[in-house]
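Trainee: Before we look at the model, could you take me through the reasoning behind the terms used for it, setting each value against its cut-off?

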Amino acid sequence: MQQGAFLKKFLVNVADVSLFLTRVFRNTFSRDFEFRELLKQCFQIGNKSFTLISVTGLIIGLVLTIQSRPVLVDFGAESMLPGMVAVSLIREMGPVITALICAGKIGSSMGAELGSMRVTEQIDAMEVSSTNPIKFLIVPRVLASTLMIPILAIYADALGILGSWAGANIKGSVSFVLFINQAFGATNFMDFIPAVIKSFFFGMVIGLVGCYKGFNAGRGTESVGIAANSAVVTASFLVILVDLVAVQITDLLR
């Protein structure tokens with residue numbers, strides 16, 4: 001009996017998610033696109049995450065350099081430090097850590113904001129007044145998240161390399177120009193493109209999950225917190241899952 005109830009609930013959830021995704025993608029390419037709302041959401045996402053991404057990017061590069069340098073010195077490969085850090089940041093650490101931070105910052109914000117609108121019946125009022133809430137509330141947030149996460153990831157990569165240069169100068173003296181030349185000399189075109197492409201999918205997943213959880217929140221006030229928490233957990237898990245798939249595809253294409 002319990003298995004039957006679980007299966008029924010699972011199928012209902014799959015149907016709800018499928019219907020939600022269908023409505024979002026259909027309204028994305030419809031007329032009267034809310035371009036002004038898209039710009040507003042892009043600014044809010046970038047503004048909310050700018051400081052945290054800046055500090056995190058610098059610390060990642062600094063810590064990665066401090067932790068890796070003693071091992072490379074033991075093998076006489078200290079000159080490989082800039083390239084190793086650059087490849088690690090660009091391929092994996094920059095996009096993934098940026099996406100996880102945004103999943104907690106942006107995903108929870110979307111879930112809580114839309115959840116509170118659902119609880120206070122603002123979304124219901126929009127539907128009654130013939131205003132499409134998917135077009136006005138969901139699509140701009142999903143597109144803004146999809147566009148801004150890659151930009152934030154590239155920004156985090158740049159600050160990570162800057163932090164790595166600062167870490168390399170703690171126990172040594174390396175010129176900035178030499179460090180940058182060694183860092184980017186170890187990277188190539190195929191290091192940037194897959195990282196940027198998967199960052200778009202990270203952003204789309206974060207936006208869709210945050211909006212879905214908030215848009216389908218319950219009626220009680222406690223459902224706002226549940227929606228925000230569920231959005232963070234689900235988005236973080238899906239980011240890791242998307243990264244796993246992206247790594248496998250990239251490895252096959254190399």
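Mentor: Let us begin with a pair of helices, keeping in mind that this is a predicted model. The axes of helix α5 (residues 133–168) and helix α6 (residues 176–185) come within 11 Å and cross at roughly 125°.

Trainee: Why is α5 called oblique to α6?

Mentor: The crossing angle is roughly 125°, whereas angles of 65 to 115 degrees count as roughly perpendicular and those over 145 as roughly antiparallel. The value falls in neither range, nor is it under 35 degrees, and the rest count as oblique, so α5 is oblique to α6. As to handedness, α5 passes α6 in a right-handed crossing.

Trainee: Which residues of α5 and α6 meet?

Mentor: From α5 come I161, L162, S164, W165 and A168, and they meet F176, F179, I180 and F184 of α6. By class, this contact has 8 nonpolar residues, 1 polar residue and no charged ones.

Trainee: What makes S164 of α5 polar in that contact?

Mentor: Ser is in neither the nonpolar list nor the charged list, and the others count as polar, so S164 is classed as polar.

Trainee: How many cavities of 30 Å³ or more does the structure hold?

Mentor: There are 2 cavities of 30 Å³ or more. The largest has a volume of about 70 Å³, and about 50 Å³ of space lies in the second largest.

Trainee: How do you know which residues line the largest cavity, and which helices supply them?

Mentor: A lining residue has an atom within 4 Å of a cavity point, and for the largest cavity the residues are Q41, Q44, I45, K48, K105, I106, S109, M110 and E113. Both α2 (35–74) and α3 (81–119) supply at least two residues of this lining, and the largest share, 5 residues, comes from α3. The lining divides into 3 nonpolar, 3 polar and 3 charged residues.

Trainee: What lines the second largest cavity, and how do its residues divide by class?

Mentor: The second largest cavity is lined by I53, T56, G57, I60, L89, M93, G94, I97, T98, I101, A156 and G160. The elements giving two or more residues to this lining are α2, α3 and α5, and α3 gives the most, with 6 residues. By class, the lining of the second largest cavity divides into 7 nonpolar and 5 polar residues, with no charged ones.

Trainee: Why are G57, G94 and G160 classed as polar in that lining?

Mentor: Gly is counted among the polar residues under the scheme used here, so G57, G94 and G160 are classed as polar.

Methods:
Residues are numbered from 1 along each chain as its sequence is written. This is a predicted model: local features need pLDDT of at least 70, side-chain atom pairs count only at pLDDT 80 or more; totals for chains, interfaces and linings use all residues. Side-chain values use heavy atoms; hydrogens and water are left out. Axes are lines fitted to C-alpha atoms, for helices over the stretch in contact, and angles run from 0 to 180 degrees between N-to-C directions. Helices (H or I, at least four residues) and strands (E, at least two) are DSSP runs, numbered from the N terminus. A crossing is left-handed if the near helix is turned anticlockwise from the far one by less than a right angle, and right-handed if clockwise. Contact means heavy atoms within 4.5 Å. On a 1 Å grid over the protein atoms alone, a cavity is a set of points where a 1.4 Å probe fits but cannot get out, and a pocket is an open set with protein on both sides within 12 Å along at least five of seven lines; lining residues have an atom within 4 Å of a point. Grid points are joined across faces, edges and corners, and a volume is the space filled by probe spheres set on the points.
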